[in-house]
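I opened this structure to look at its charged side chains and its aromatic rings. My notes follow in the order I looked things up.

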Amino acid sequence: MNDMAPVSLPNPQGLVGTWRRFGQVGPVYEIVSVGNALVDGEWLMRVRVLETGEEIDYRLADVLDDPRER
């Protein structure tokens with residue numbers, strides 16, 4: 001028997017348009033779209049790095065660990 005309650009994750013689509021920072025002192029990025037689901041059930045998010053304009057795929061779990069930027 002598993003005593004752990006399921007963790008409720010935010011809807012990935014609801015994060016689109018929000019801004020976060022890579023760690024406490026890293027560059028700011030904007031979440032631009034929901035990416036693909038990986039075989040392990042994890043989602044990728046497409047993010048745009050403010051400083052460079054580069055767009056990259058970034059794991060949803062990592063996005064959720066990063067602080068929000070205001």
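I count a salt bridge when a side-chain nitrogen of Lys or Arg lies within 4 Å of a carboxyl oxygen of Asp or Glu. The model I am working from is predicted.

**Entry 1: salt bridges**

I began with glutamate 55. Its side chain meets that of arginine 46 in a salt bridge, at 3.5 Å from N to O. I then looked up exposure for both partners. Glutamate 55 is partly exposed, at 34% relative accessibility. Arginine 46 is partly exposed as well, with a relative accessible area of 26%. The bridge belongs to a network: salt bridges with shared partners join Glu30, Arg46, Arg48, Glu55 and Asp57.

Next I took another pair from that network. Glutamate 30 and arginine 48 form a salt bridge through their side chains, 2.9 Å from N to O. This pair links distant parts of the chain. Glutamate 30 is in strand β2 (residues 28-37) and arginine 48 is in strand β3 (residues 43-49), 18 residues apart. Is glutamate 30 buried or exposed? Glutamate 30 counts as buried because its relative accessibility is 17%, and the cut-off for buried is under 20%. Arginine 48, at 31%, counts as partly exposed.

How many salt bridges does the structure hold? I find six. One of them joins glutamate 69 to arginine 21, with the closest N and O atoms 3.1 Å apart. Glutamate 69 sits in the segment after α1, whereas arginine 21 sits in strand β1 (residues 19-21), so this bridge ties together parts that are 48 residues apart in sequence. Both ends are partly exposed: glutamate 69 has a relative accessible area of 27%, and arginine 21 has 21%.

**Entry 2: aspartate 66**

I moved on to aspartate 66, in the segment after α1 (60-65). Aspartate 66 is buried, yet has no salt bridge. Which side chain of opposite charge is nearest to aspartate 66? I find arginine 20, at 6.9 Å. That distance lies outside the 4 Å limit I use for a salt bridge.

What does the side chain of aspartate 66 make a polar contact with? Its partner is the side chain of tyrosine 29, at 2.8 Å. I also listed the residues that aspartate 66 touches, leaving out those up to four places away in sequence. They are Arg20, Arg21, Phe22, Gly23, Tyr29 and Tyr58.

**Entry 3: aromatic rings**

That contact list led me to the rings. I count three aromatic pairs. In one of them, phenylalanine 22 and tyrosine 29 have ring centres 4.3 Å apart and planes at 35°, so I record the pair as tilted. Both phenylalanine 22 and tyrosine 29 are buried.

Phenylalanine 22 also pairs with tyrosine 58. Here the centres are 5.0 Å apart and the planes meet at 75°, which I log as edge-to-face. Phenylalanine 22 lies in the loop between β1 and β2 and tyrosine 58 in strand β4 (residues 55-59), so the pair ties together parts 36 residues apart in sequence. Tyrosine 58 is buried, like phenylalanine 22.

Which residues do the ring pairs link into a cluster? They are Phe22, Tyr29 and Tyr58. I checked these names against my list for aspartate 66, and aspartate 66 touches Phe22, Tyr29 and Tyr58.

Technical notes: Residues numbered from 1 in each chain as written. Predicted model: local features only at pLDDT ≥ 70, side-chain atom pairs only at ≥ 80, totals over all residues. Heavy atoms only, no water. Helix = DSSP H or I, 4+ residues; strand = E, 2+ residues; numbered from the N terminus. Buried < 20%, exposed > 50% of the residue type's maximum accessible area, 1.4 Å probe, protein only. Lys, Arg positive; Asp, Glu negative; His and termini not counted. Polar contact = N/O pair within 3.5 Å; in protein donor to acceptor, adjacent residues only side chain to side chain. Contact = heavy atoms within 4.5 Å. Phe/Tyr/Trp six-rings, centres within 6.5 Å; stacked < 30°, edge-to-face > 60°.
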